[in-house]
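User: Please take a close look at a single helix of this model and then place that helix in the context of the whole chain. A formal, connected account would be preferred.

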Amino acid sequence: MRRPLLDGAVFLVLLQGLGSAALLGQTSEDPDALLRAGDYERAIEVLGPPDAPPSASPEASLRLADVLLEVGEHERAESVLRGALDGNPGHAGLTLLLGKTLVERGHLEEADRAFAEAELGEGGDALLAELHRAELLLRTGRRELALERFDRFIDVYNRSAGLDSRGLLAVAGAVRQLGVTNPVLYRDALRAYDEAIAQDPENFDAHLGVGELFLETYNAPDARGAFQAVLERRARHPRALLGMSRVAILESSPESAALVEAALEVNPNLVPALVTRARLQLAAEADSIAREDLNRALAANPISSEALAVLAGLRFLQGDLQGYEEARGRALEMNPRDSDFFITVAELAAQRRFYADAVQFAEQGTAVDSLAWEAFGLKGLNQLRTGEIAEGRSSLEVAFRGDPYNIWFKNTLDLLDVMDDFEEWGSDRVRVWVDPEDGEALATYMVELGERALDDLGALYGYDPPVPVRVEAFRRSADFSVRTIGLTGLGALGVSFGPVVALESPAIRQPGGFHWASTLWHELAHTVHLGVTDHRVPRWITEGLAVREERRAGTGWGARPSLTFFSAYLDGRIRDPSELSRSFIRPRHPQEVAFAYVLSSLVTEWIEEEWGFDAVLGILHGYGEGRTTEAVIRRELGIELPELDERFDTWFRETYATPLDGRDELEASIRMGRELLEEGRFDEAIPHLERARDLFPENPDPRGPNHLLAQAHRELGNEEELLGALEVHIESAGSDYDAHLKLAELREARGESERAIMALEAAIHITPFDLGVHRRLAALYREVGHSAGEVREYRVALALEPTDRAGALHRLADAQFRAGELAEARETVLQALELAPLFSEAQDLLLRILDEQ
C-alpha cells in the first residue's frame, strides 16, 4: 500500500526545531543537538554504542534508556536499566524508568514492584512513582483505591512549596485523574502542568500532558500549541507527532495520516500510534490493513486495552461476534470497569453508521463505570441520531454535569435548546423540523419531496424504511455541523443517520449556491441504502448510488463530471474505484471528495449499464450479509477488483472520449467565446460556444458554454435559440436559479403555462423564499385549473409574511373557496377582515362563502 507523502505544512512542522547544523548536513557529536534535530539514531550511538560496556554513571544510563524508550527499543532500554541498577541498587530514577518501560511491554506486576521501590526515594521521582502506581490501580479496575492515592497529591501540592518540575508533573497527573469526580480540578491540573513547564521548559511530559488535556476537551488550537512546543525543542518527538495527528483528526485534516506515519517512523512500537493508524484505516474501510497495525500493537504490548478495544470493534464491524467476545473478555479480565473499551467500540460503531449499536455499547460503558461521562455523552449523541431526542438530551445532560468542559456535549445541548423552538410539520411518513423563520415555506415542499422520494426509492430498492423519517433543516451551518459531529466546521450539506436526516436550510446561501431538494433526495437515498444493507453499506457505493438517484429524480440534479474532473482523472488525482471509500475519509487534496462523489456515481452507472440493476441490488444485499467488497464484486460481477478498475477505466474513456480527446479545443472555444462576449461581439461568439457545447453538452459548469450561449442569444433577441440554450444548460446545471426563472418567464409569455409551472417548481427546489415566485406560480395554477396547487402557493406566500397580509389572506381564501374548502375559506377570509374590516372584496367573498354553505 502506498503511504501518503508529507505535504508542505507537515514538513514545516517536522523541520521546526532542527538546528542549522542538521539542515546543512553538518555532523555533531553533541547528543542534545542531535536530539533537537530529531536524529535519534546518531544520538543513541553517541550516548551508548551497542558494543560499549555499561556506564558506571546512573545519569548516563538514564539518559540512554530514556531515548531508547522514546524510539520504542523497549528490550534494550530494560537491559540498560537493569545493568545500571546492578551497580546502583535502589536508584529512584532508574527504577522509575524501568517501571515505565515494563508498563510499555505490558508487564504490570513487575512495573508495580519497580515503582514501589522508586517510591522509597525522594523528590519528583518518588512522587512520579507514586502516581504511576495509582494509575496501575486505575488500569486494573480498582478506582476507589486509585482515587484515594490521587487525592493525596492535593495535600502534597498545598504543603510543599518547593516542588521541582517532576514533582509538579506528578501532581498535575494525579489532579487530572481526579477531574472525573470534580471537573474544576482539570483547571488545577493545567496550572500544575504550567508550573512544571515554567520550572523546566524541557519537561516534555508536562507539555504532552497539557496537549492531551486540551484534546480531551476538543480544544484543538491549544493542544496544537502544546505539542508544537515539544517539536520546537525535539524535532520528530514521536508522542508529540502523535498528538499533532490527533489534533488533525479532530480538525478533519488530511495531515493526520502523515503525522502518525512520522511518529511511527521514529518509534515503530508506539502502541497509541499504531492504534491511531488502525482507526484511520478503519475510517477508510481498510479493515485488513487496520488488523495488521493492531497485531503489531498487541505484539508490542499484549495487554494494551486500547488495542484490544479497537480489535473488538473491528471484529464487531465484520460480524465476527465470537471474536468480539474474545477480545472483550481479554480486556475486561484485566479491568472489569474499563468503560473506555465500550466507548471505543461505540465510536467505531457510530463511525460505520451502526448508531443503534453505538447506543448499546455506550450504555454498557455507563453500566461498568458510573463516572464514564464520555460514555453517557456518546449514548446521548447516538440516541439523537436514531431519533430518540428526549432520551438523548437526558443522557447528554448527565454527561455535561460530570464534564462541563466538554465542548461536544455543550454544543449539542445548546443546539437542542435552539431546536426547542423549531416548528414540526409533516405526514405519517415524513416529519420535518424547521426553524420558525423557514416555517411552512420550506416544510411544505420538504414533506412533499420526502413522500415522493420514499415512494420512488422504496419501489426501486424494494425497501420501505421505518416511518416516520425525521428531517431537520438548519439555518446556520454551525448548527448543522454540531448536529452532525458535535463540533463546528463540517463542510457537508446533509447527512443521513438512517431514521433521521439533517441538512442545511437553503436560507443559508444565495439562490443557486445550494440545491436543497437534490440534497434531501440524496440523504433519503442513504436512508434506504442503510436499511437495505442493515447499515453495512460502504461509502463508495452509497454515495455513488445517492448521486445517481439525484440525477434520476430531477433535471440537472446531482454532481456530474466536469472539465476539472476530467483533468484530475487523467492526471491520476482521483483514486481507482476499488479505493474510492478512502477518498471520502482521507482526501489527498481539497477537491478529492467532490471528485469521489462524481466518480462513485459513474461507477454505479457503469455497473447498472453493464450488469443491470439486479447486480446493484445484489451488491447491496451482499454487504448486508456481511461480505467484503472483494466478495460481493466477485459474486455479482464475476470479476476481481483489479479488473473492476481496468474495465471501468476503459468504459469511462470510451463514454467520454469526445470531451477527453477534445479538451484543448473545448477550453480554447470557451475562452474565445467568453472574450468575444465581453467585447459585445455576440454573433462571433456563438460559433465558438456552440462548438464547445457540441464537444461536451453535459458540461455542468453554471457559467460554462451553455450559459454563455444563452447570454449571447438573449443579447441578440433570439428567443427560440435562447429557450433551447436554457433547456440544455439546466439539464446539467440544475442549481442555476436565475436560469429557471428566465425559462419560466419565456414559457409563460408563449402561453406554455404547464411548462412555466415546471420551471418555477424547479426554482422552488433551489429556494422557496421568493414571494414573487409563489404568486406567479399560484396564478399559473389557477390558469390551468389546478386548485390544490393554487391553494398551496397562496398558503406559502402568506407564510412568507407579505406586507399586505390582508390581501394575501383574501387571495388564499378565494383559492380555498374555488377548491371547495369552504370552512377553511371562511376562517381565512375572517382573518383578512379582522385586519381590514372595510376590505370590500373580502366582504363579498365572505358572502359568497356563506351563500354556498
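Analyst: The part chosen is helix 28, which covers residues 516-532 of this predicted model. With 17 residues at 1.5 Å a residue, helix 28 should span 24 Å, and because its end C-alpha atoms are indeed 24 Å apart, the expected and computed lengths agree. Helix 28 is also mostly covered, since 16 of its 17 residues are buried. Just after the helix, D534 adopts a positive phi of about 55°.

The domain assignment gives this helix a place in the chain. Four domains are listed: domain 1 (337-419), domain 2 (423-532), domain 3 (541-655) and domain 4 (658-717). Domain 2 ends at residue 532, and residue 532 also closes helix 28. For domain 3 and domain 4, the centres taken over C-alpha atoms are separated by 30 Å. The contact between these two domains takes nine residues from domain 3 and nine residues from domain 4.

Domain 2 spans residues 423-532, and a cis peptide bond joins V467 and P468, with omega about 5°. P468 is placed in the loop between helix 26 (439-461) and strand 3 (469-474).

Positive phi values occur elsewhere in the chain as well. Y218, a residue other than glycine, has a phi near 60°. Its position is the loop that links helix 13 (204-216) to helix 14 (220-233). The relative accessibility of Y218 is 18%, and because the limit for a buried residue is under 20%, Y218 counts as buried. E285 is likewise not a glycine, and its phi is positive at about 65°. This residue is found in the loop between helix 17 (271-283) and helix 18 (287-300). With a relative accessibility of 21%, E285 counts as partly exposed, because the partly exposed class lies between the buried limit of under 20% and the exposed limit of over 50%.

A second helix can be described in the terms used for helix 28. Helix 11 (residues 165-178) has 14 residues and reaches 20 Å from its first C-alpha to its last, close to the 20 Å expected at 1.5 Å a residue. Helix 11 is mostly covered, with twelve of its 14 residues buried. Among the buried residues are S165, G167, L168, R176 and L178. The buried residues of helix 11 pack against helix 9 (123-139), helix 10 (143-159), helix 12 (185-199) and helix 13. Helix 13 also precedes the loop that holds Y218.

Individual residues show how cover arises further along the sequence. I639, in the loop between helix 34 (629-637) and helix 35 (641-655), counts as buried at 4% relative accessibility. Leaving aside neighbours within four places in sequence, I639 is in contact with W611, I633, R634, L644 and R647. H740 belongs to helix 41 (residues 737-749) and is buried, with a relative accessible area of 3%. When residues up to four places away in sequence are not counted, H740 touches I730, G734, A759, A762, A763 and I766.

L838 offers a contrast in accessibility: it lies in the loop between helix 46 (822-835) and helix 47 (840-852) and is exposed, with a relative accessible area of 77%. L838 and R575 are 263 residues apart in sequence, and their C-alpha atoms are 70 Å apart in space.

These details belong to a protein chain with 47 helices and five strands. Its C-alpha trace spans about 110 × 65 × 50 Å along the principal axes. Of the 853 residues, 55% count as buried. Among contacts with a separation of 6 or more, 59% come from residues 24 or more positions apart. The chain exposes about 35,700 Å², of which carbon and sulfur atoms supply 48%. Its 88 positive and 147 negative charges have mean positions 2 Å apart.

Technical notes: Residues are numbered from 1 along each chain as its sequence is written. This is a predicted model: local features need pLDDT of at least 70, side-chain atom pairs count only at pLDDT 80 or more; totals for chains, interfaces and linings use all residues. Side-chain values use heavy atoms; hydrogens and water are left out. Helices (H or I, at least four residues) and strands (E, at least two) are DSSP runs, numbered from the N terminus. Buried means under 20% relative accessible area, exposed over 50%, partly exposed in between (1.4 Å probe, protein chains only). Contact means heavy atoms within 4.5 Å. Accessible areas come from the Shrake-Rupley method with a 1.4 Å probe; for residues, only the protein chains shown count as cover. Lys and Arg count as positive and Asp and Glu as negative; His and the chain ends are not counted. The place of a charge is taken as NZ of Lys, CZ of Arg, CG of Asp or CD of Glu. The expected span of a helix is 1.5 Å times one less than its number of residues. Domain bounds come from an automatic or database domain assignment.
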